[in-house]
Amino acid sequence: MAAAQPARAENRRFDCVIDPAMTIKLGSPTPGLLAETLVDRGDTIVAGQVVARLESSVEVATLELNRARAASAARVEAQAARLALSRARMGRARELYERNSFTRDKLDEQKADTRVAEEELAREKVELRLAELEVARSRALLEQRTIRSPVAGVIGERKLSSGEYVHQDNFIMSVVHLDPLHVEAFLPVAMYPQVKVGATAMVLPDEPIGGSHVATVAVVDHVFDPASATFGVRLVLPNPDNRLPAGQRCKINFDDASRGRDIE
């Protein structure tokens, strides 16, 4: 009976695979010539890091032109000065009219001039606002030609190099997100009542990596595989500094999770 205990413990270990949380193929929202790639296979990157740029000399020039237009408020200021002058003339005209020194037609003409000046000032303000919006549009178009990684990780593959053309249906490089890792396993149906989301298990990567690491159940399949009488589970395994590689086989043990954490 003493020899049977290790056998039962061993039976609680199940095969598993450690996978990346995700693999992203970075493309471009617009086609164009690839001007530079700033990273290579195996490089570690952070979220938001620029990894490549498309040729964008036209977009840069357009942005500078629109910036110059938006920065000049001379037309608005000039029209505001004209409106101030027209309003001052309107005030004098009203005083003269009240003293019967100004005709009604002349007063109406000055009112019309003031109204036209107000409309012109409003139009110049709209034009300035449109110029500011053109700056935002030009900046957005330029940003589309700057390729950034949405996640931290490791460059898994660089498919294109500087000078090659980027189509909308291909990708420049792939980014492998390694923190956290996903541990995929299939367990016998008999364990279904015991495995709940939030439960912990010990993950033991195969050699030469080895070690023991605590992972947390994130997904429990609600559909069994009748052919094998198993169900799938996914566990989340923290992987700070990407110290564990993905794509390796492992064993998973639900009995030893409470006995230690991240023992290497």
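The following exchange examines how several assignments in this predicted model are justified.

Colleague: What makes C16 and C250 a disulfide?

Modeller: The sulfur atoms of C16 and C250 are 1.9 Å apart, and a disulfide is a pair of cysteine sulfur atoms within 2.5 Å. The pair therefore meets the criterion. By this rule the count comes to one disulfide.

Colleague: Which parts of the chain does the pair link?

Modeller: It links distant parts: C16 belongs to strand β1 (residues 13–26) and C250 to strand β12 (residues 248–253), and the two are 234 residues apart. Both C16 and C250 are buried.

Colleague: Why is N170 called buried, whereas N242 is called partly exposed?

Modeller: The boundary is a relative accessible area of 20%, with buried meaning under that value. N170 has a relative accessibility of 19%, so it counts as buried. N242 has 24%, which lies between 20% and 50%, so it counts as partly exposed.

Colleague: What surrounds N170, leaving aside its neighbours within four places in sequence?

Modeller: N170 is found in the loop between β7 and β8. With those neighbours left aside, N170 is in contact with G27, K159, L160 and Y165. In addition, a polar atom of the N170 side chain lies 3.0 Å from the backbone nitrogen of H167.

Colleague: How do you know that this approach to H167 qualifies on distance as a polar contact?

Modeller: The limit for a pair of N or O atoms is 3.5 Å. The separation between the H167 backbone nitrogen and the polar atom of N170 is 3.0 Å, so the distance falls within that limit.

Colleague: What makes the phi values of A229 and N242 worth noting?

Modeller: Most residues other than glycine have a negative phi. Phi of A229 is near 55°, a positive value in a residue other than glycine. N242 likewise has a positive phi, of about 55°, although it is not a glycine. A229 is found in the loop between β10 and β11 (230–237), and N242 lies in the loop between β11 and β12.

Colleague: Why is A229 called partly exposed?

Modeller: Its relative accessibility is 41%. Partly exposed covers the range between 20% and 50%, so A229 belongs there.

Colleague: What makes E109 partly exposed, and where is it placed?

Modeller: E109 has a relative accessible area of 45%; exposed would require over 50% and buried under 20%, so E109 counts as partly exposed. Its place is in helix α4 (residues 104–143). E109 and V135 are 26 residues apart in sequence and 39 Å apart in space, C-alpha to C-alpha.

Colleague: Which peptide bonds are cis?

Modeller: Among them are the bond from D179 to P180, with omega near 10°, and the bond from E207 to P208, with omega near 15°. Most peptide bonds are trans. P180 lies in strand β8 (residues 173–188), whereas P208 is in the loop between β9 (200–205) and β10 (213–220).

Colleague: How do you know that β2 and β7 pair?

Modeller: Pairing requires at least two bridges between the strands. Two bridges join β2 (residues 32–37) to β7, so the requirement is met, and the strands run antiparallel. G32 stands opposite V166 in β7.

Colleague: What makes β5 and β7 the edge strands?

Modeller: Four strands form an open sheet in the order β5-β4-β2-β7, with antiparallel pairing. Strands β5 (146–148) and β7 (165–166) each pair on one side only, and they are the edge strands.

Conventions:
Residues numbered from 1 in each chain as written. Predicted model: local features only at pLDDT ≥ 70, side-chain atom pairs only at ≥ 80, totals over all residues. Heavy atoms only, no water. Buried < 20%, exposed > 50% of the residue type's maximum accessible area, 1.4 Å probe, protein only. Polar contact = N/O pair within 3.5 Å; in protein donor to acceptor, adjacent residues only side chain to side chain. Contact = heavy atoms within 4.5 Å.
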